[in-house]
Each structure stands twice: as structure tokens, then as C-alpha cells.
Amino acid sequence: MNGRYDLHAHTTASDGTFTPRELVEHARRRGLAGVGITDHDSTDGIAEAIETGKRLHVDVVPGVEINAEYEGKEVHVLGYYFDLDSGSLQDLFRKLRNERINRMERILQKLDELGIPIERDEVLAEAGGGAVGRPHIARVLMKKGVVQDIRGAFDHYLGKGAPAYVERCKLSPQEAIRAIRDAGGVPVLAHPGLVGKDALIEELIPAGLLGIEASHPDHPTDVRQRYTKLANELGLIATGGSDFHGAGAEHRGELGTVTVNRSVVQQLREKSGVF
Ligand SMILES: [Zn+2]
Ligand SMILES: [Zn+2]
């Protein structure tokens, strides 16, 4: 049996709109054999997803997406099959989530100076207890009618270079990779096409990188092929996923529109020190 897996999806544990249970139910409706839960800086959705997956016979791949920075660019590192109870990794997530709150408060201060008052609690309510991020502020701006859609919120206020933009904390991709490896997991560079600097891939191998996300909605077909080939040449695992964020304007791709087959999941498991 060769079912399809979508290895990149977000839930309400970060900036997705589906709860972990809803996401796994959706994966089943979409006919997937399995789904990777890769929330930003949080593993809070994984237990519920695994429980639902057992009931619905959907194989849940535990994961995370850590936001790092390299030469002024955002670099995301996915991690799979790590020890969920790893103290050092959970400490890192806590630190990153606190920094997310700090950043949110500084953005709200800037918006306030621009004559757009937003309460901290409005954003936290939008985040629903998950890792807070700019998409949550964007949704509040949309609900208040300040902007028409999420894209507008980023273009006019929240995106890099916009008046309410605030730099995020500077975790290096190497640090993110090492944290995942230390917890027995498999680090994968997310959507390298969005980073746009392929030399970084080789630079990250000594730090412990084990895979690259060759297939992603923001990679056209030729880019996917190029990264799959590069992964083979470098001995890295070529993963893929839709980066699904649920219903709403900011969603990247529908769940299951970018998938890999079971052999990729097998490779991830083999590289994992704990699963
Ligand atoms: Zn990402
Ligand atoms: Zn993502």
C-alpha cells in the first residue's frame, strides 16, 4: 500500500484555523494516509492529532516548524520525529513563544502610534492559546475593517518594510537544527525556494541538516525537480507538504495538494533517534 502523506500543516496550536482534531479529520476526508503536524514553535497540537489519527486510521507524523533567520532572511526549519518531552527543545519553544508575545506587543505599539488601537487580548483571542504570530494581528485588522484581507495587512502594516514591522528574534538555522537533532529528531530545511540561497543548504549539513522540503506550493514544478535532484546529490531526504493553514485568505495550499509517498516517511523514521 502506498498512501500519500502531506508533511506540512498548521493547526490552532500556531496560526492554523483548524484544531488538531479537525485537521486530522480533514486529512481523512482528503484521502491522505498520513499528515505531518508542523506548528510554529509548538508541539501542543500533536497529542490530540495522534489520538484522532489512531481513531481515523490517519498516520500522524509529529513535527514542528522553527522560525530562524539567516542574513536578514527568514529561514524555517522543520523537525520530525523528535522526543516530544525533550526538556531542551520545550525550553526553546517556550523562549520563542515568549519572544513572539514581546514582538506582538511592539507591533501593537506601532499600530497604536499609527492611530489603530488594538488590545493585546484581541490578538491573543485570535491565537486561541496557540503560538501568536503576525497572521493573528492581520485577522484582527481584517475584522476591524482596517484592511480587506490578510495580504493587505502585510503589505500596508505588518510585512518587512511596512510601518508596523518589527524584527523578530534572531535564532540561527544552525541553532534550530541542533536543537532538533539533540532531541533525536530529523531537521529539514522548509521551502528553500523562498529562502533563495541554495548555498545555505550545504552550509547547514555540518550543523546536522538531514532533509530539504523540495515540494511546496510556492515551488513551481521545475523548482521541485531541482531540489529533489539536489537532495539526492547531497544525500538529503526530499520532503514535501502543502503548508496548509486551514480555511481563510492566508491559506497556502489545500491539504493534500502537495504530498510525498510513504517511503519518504520511512526515511525520516530511520534517521530519527527516538521513533
Ligand atoms: Zn514556513
Ligand atoms: Zn508552515
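Here is a short Q and A on the zinc sites, the sheet and the helix packing of this predicted model.

This is a predicted model, with local features needing pLDDT of at least 70, side-chain atom pairs counting only at pLDDT 80 or more, and totals for chains, interfaces and linings using all residues. Residues are numbered from 1 along each chain as its sequence is written, chains are lettered from A and ligands numbered from 1 in the order in which they are written, and side-chain values use heavy atoms, with hydrogens and water left out.

Q: Which residues coordinate the zinc ion (ligand 1)?
A: Donors here are N, O and S atoms within 2.8 Å of the metal (3.2 Å for Na, K and Ca); water is not among the atoms, so sites may look incomplete. Along the chain, the donors of this ion follow the spacing E-x10-H-x114-H. At 2.1 to 2.2 Å, the coordinating residues are Glu65 (OE), His76 (ND1) and His191 (NE2).

Q: How many residues apart in sequence are the parts that Glu65 and His76 tie together?
A: Helices (H or I, at least four residues) and strands (E, at least two) are DSSP runs, numbered from the N terminus. Both Glu65 and His76 are buried, meaning under 20% relative accessible area, with exposed over 50% and partly exposed in between (1.4 Å probe, protein chains only). Glu65 sits in strand S3 (residues 59-70) and His76 in strand S4 (residues 73-80), so the parts they tie together are apart by eleven residues.

Q: Which residue bridges the zinc ion (ligand 2) and the zinc ion (ligand 1)?
A: The zinc ion (ligand 2) takes its donors from His8 (NE2), His10 (NE2), Glu65 (OE) and Asp243 (OD), at 2.1 to 2.2 Å. The two zinc ions lie 3.6 Å apart, and the residue bridging them is Glu65.

Q: What arrangement do the four donor atoms around the zinc ion (ligand 2) make?
A: Four donors count as tetrahedral if all angles lie between 85 and 135 degrees; four count as square planar and six as octahedral if opposite donors are over 155 degrees apart and all others between 65 and 115; anything else is irregular. Here the angles span 80 to 172°, which makes the arrangement irregular.

Q: Is His8 buried or exposed?
A: His8 lies in strand S1, and five of the six residues of S1 are buried, so that strand is largely enclosed by the rest of the structure. His8 has 0% relative accessibility, so it counts as buried.

Q: What is the order of the strands in the open sheet?
A: Two strands pair if DSSP finds at least two bridges between them. S1 pairs with strand S2 (residues 34-37) in the parallel sense over three bridges, and with S8 in the antiparallel sense over two. The open sheet has eight strands with mixed pairing, in the order S7-S6-S5-S4-S3-S2-S1-S8.

Q: Which are the edge strands?
A: Four bridges join strand S6 (residues 211-215) to S7, and the two run parallel. An edge strand pairs on one side only, and the two that do so are strand S7 (237-240) and strand S8 (260-261).

Q: What is the angle at which helix H5 (residues 134-143) and helix H6 (residues 150-158) pack?
A: Axes are lines fitted to C-alpha atoms, for helices over the stretch in contact (heavy atoms within 4.5 Å), and angles run from 0 to 180 degrees between N-to-C directions. H5 and H6 are roughly perpendicular, because 65 to 115 degrees counts as such (under 35 is roughly parallel, over 145 roughly antiparallel, the rest oblique). Their axes are 9 Å apart, and the angle is about 105°.
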